[in-house]
Amino acid sequence: MESHVSTQGHAHPTASLYFKVGLVLFVLTALEVGLYEITYGEHTGALGPTIKPFFVPLLLLLSAAKFALVGMFYMHLKQDSKLFSGVFVFPLIIAAFIIVALMVLHAYTFAFARSG
Amino acid sequence: MTAHAHAAHLETSTGLDNRKVAIWTFIGSECMFFATLISNYLVNKGRSLVGPFPHEPWTSPTGQHFEPIFEIPLVTLGTALLLFSSLFVVLALSGAQRGDRKALIGWLAATIACGLFFVGMQVYEFTHFVHEGLGFTTNLFGSSFYTLTGFHGTHVTIGVLWLATVWKDALRGKLPPHKSLNLEMAALYWHFVDVVWIIIFPVVYLIK
């Protein structure tokens with residue numbers, strides 16, 4: 001892979017790789033909106049009910065892929081020091097845990113309040 | 001020792017530039033900040049007692065009818081431009097590191113333009129929602145939606161201002177290759193703002 005050297009002395013990807021990643025990001029976003037359109041939007045067809053149960057996991061998967069691509073290639077985590085990856089990924093894991101924990105806690109509290 | 005060589009062999013305990021460690025630490029703390037806002041949106045999702053609602057029409061007890069409030073095509077355009085702006089800023093950084101001033105100035109201007117469009121899109125969206133009857137205190141959806149997307153929009157605005165100051169330096173010839181870290185830090189912040197939107201867009205706008 002062709003590359004150039006940054007101020008930190010490590011190699012960064014070239015413009016062609018940046019464009020390829022940009023294209024993949026665009027396609028993934030189009031897929032997200034396309035999935036929404038055929039499941040809930042104005043273009044709901046025969047596929048809609050089939051996709052519905054997988055809609056949320058698919059969207060989360062596509063988002064995770066986009067997140068990883070930006071992190072690895074545009075934020076240079078793939079080439080940069082592993083310390084930066086650690087400083088970013090560790091809080092990210094805690095952040096994901098916070099989101100899941102609060103959702104479970106509130107779902108439980110809400111269900112408990114309803115049941116009296 | 002030249003400035004470039006000095007930058008490549010930093011005398012720090014990690015061997016890394018302290019400013020870059022600082023911006024990554026800041027980004028790590030921002031993950032927590034947005035986690036709380038996204039959690040707040042998700043735990044209150046679908047619990048509004050009165051409309052307007054994001055995806056469903058609603059008729060008030062007084063007979064006033066409200067259409068679903070989201071405009072997916074407009075937000076999709078804003079999302080695409082924010083993604084493109086991440087591409088543009090890495091191309092600007094690449095130009096800065098190679099000493100290609102023309103590429104640096106051009107791609108950075110394109111990044112700022114995309115950021116401004118996104119902020120403009122959000123201002124239009126908020127104004128439109130208020131006119132449609134969704135204020136900050138109208139319902140749980142309004143409060144959590146405006147808090148989450150408003151804070152993100154504020155981050156985008158700060159990012160645009162930061163990039164504009166770097167652009168001004170580039171225009172004045174004050175951003176030679178050995179100072180490209182000044183742009184790299186702003187670019188890292190900008191990418192973070194982008195990845196947060198990568199999560200917000202499906203969670204808020206697409207998932208019903």
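A residue counts as exposed if 12 or fewer other C-beta atoms lie within 10 Å of its own, as buried if 20 or more do, and as partly exposed in between. The structure used in these exercises is a predicted model.

**Exercise 1. Two residues of chain B and their surroundings**

Decide whether B:Ala22 is buried or exposed, and do the same for B:Val50, which may be buried, partly exposed or exposed.

*Solution.* Begin by placing B:Ala22, which belongs to helix H2 of chain B. Next take its neighbour count: B:Ala22 has 12 C-beta neighbours inside 10 Å and therefore counts as exposed, since the cut-off for that class is 12 or fewer. Then turn to B:Val50, which is found in the loop that runs between H2 and strand S1 (58-59) of chain B. Its count is 15 C-beta neighbours inside 10 Å, so B:Val50 is classed as partly exposed. As a last step, set separation in sequence beside separation in space for each residue. B:Ala22 lies 160 residues from B:Asn182 along the chain, with 13 Å between their C-alpha atoms, whereas B:Val50 and B:Lys168 are 118 residues apart in sequence and their C-alpha atoms are separated by 48 Å.

**Exercise 2. The two chains described separately**

State which elements each chain contains and in what order they run, and find what share of each chain is buried.

*Solution.* Start with chain B, which has six helices and two strands, arranged from the N terminus on as α-α-β-β-α-α-α-α. Chain A, by its own count, has four helices and two strands, and its order from the N terminus is β-β-α-α-α-α. Now consider burial: 40% of the 208 residues in chain B are buried, while 27% of the 116 residues of chain A count as buried. The contacts can be treated in a similar way, by taking those between residues at least 6 apart in sequence and asking how many of them join residues at least 24 apart; the share is 71% in chain B and 41% in chain A. Finally, for the dimensions of chain B, its C-alpha atoms fill a box of roughly 75 × 35 × 20 Å along the principal axes.

**Exercise 3. Two helix pairs in chain B**

Work out whether H3(B) and H4(B) are roughly parallel or roughly antiparallel, and then treat H2(B) and H5(B) likewise.

*Solution.* For the pair H3(B) and H4(B), the axes come within 8 Å and cross at roughly 160°. Angles over 145 degrees count as roughly antiparallel, and H3(B) and H4(B) are therefore placed in that class. The crossing of H3(B) with H4(B) is left-handed. Among the residues that meet here are B:Leu81, B:Phe88 and B:Ala92 from H3(B) and B:Leu104, B:Trp107 and B:Leu108 from H4(B). By class, this contact holds 18 nonpolar, five polar and one charged residues.

For the pair H2(B) and H5(B), the axes are 9 Å apart and the packing angle is about 160°, which makes these two helices roughly antiparallel. Their crossing is left-handed. On the H2(B) side the contact is made by B:Leu37, B:Ile38, B:Asn40, B:Tyr41 and B:Asn44, and their partners in H5(B) include B:Leu140, B:Phe145 and B:Phe151. This contact has seven nonpolar, four polar and no charged residues.

**Exercise 4. Where the chains meet, and the nonpolar core**

Determine how many residues of each chain take part in the contact between chain A and chain B, and which residues touch the most other members of the largest nonpolar core.

*Solution.* Count the contact first: 44 residues of chain B are in contact with 39 residues of chain A. On the side of chain B that touches chain A, helix H1 (3-8), H2, H3 and H6 each supply at least two residues, and the residues of that side divide into 26 nonpolar, 14 polar and four charged.

Then examine the core. The largest nonpolar core has 71 residues, and within it B:Ala92 and B:Leu108 touch the most other members. The elements giving two or more residues to this core come from both chains, including helix H1 (15-39) of chain A and helix H5 (140-171) of chain B. H6(B) gives the most, with 18 residues. To finish, look at B:Ala92 itself: apart from neighbours within four places in sequence, its contacts are B:Ala103, B:Leu104, B:Trp107, B:Leu108, B:Thr111 and B:Leu183.

Technical notes:
Residues numbered from 1 in each chain as written. Chains lettered and ligands numbered in written order. Predicted model: local features only at pLDDT ≥ 70, side-chain atom pairs only at ≥ 80, totals over all residues. Core = buried A, V, L, I, M, F, W, Y, C linked by C-beta atoms within 7 Å. Contact = placed C-beta atoms within 7 Å. Axes fitted to C-alpha atoms, helices over the stretch in contact; angles between N-to-C directions. Parallel < 35°, antiparallel > 145°, perpendicular 65-115°, else oblique. Left-handed = near helix turned anticlockwise from the far one by under 90°. Nonpolar A, V, L, I, M, F, W, Y, C, P; charged D, E, K, R; others polar.
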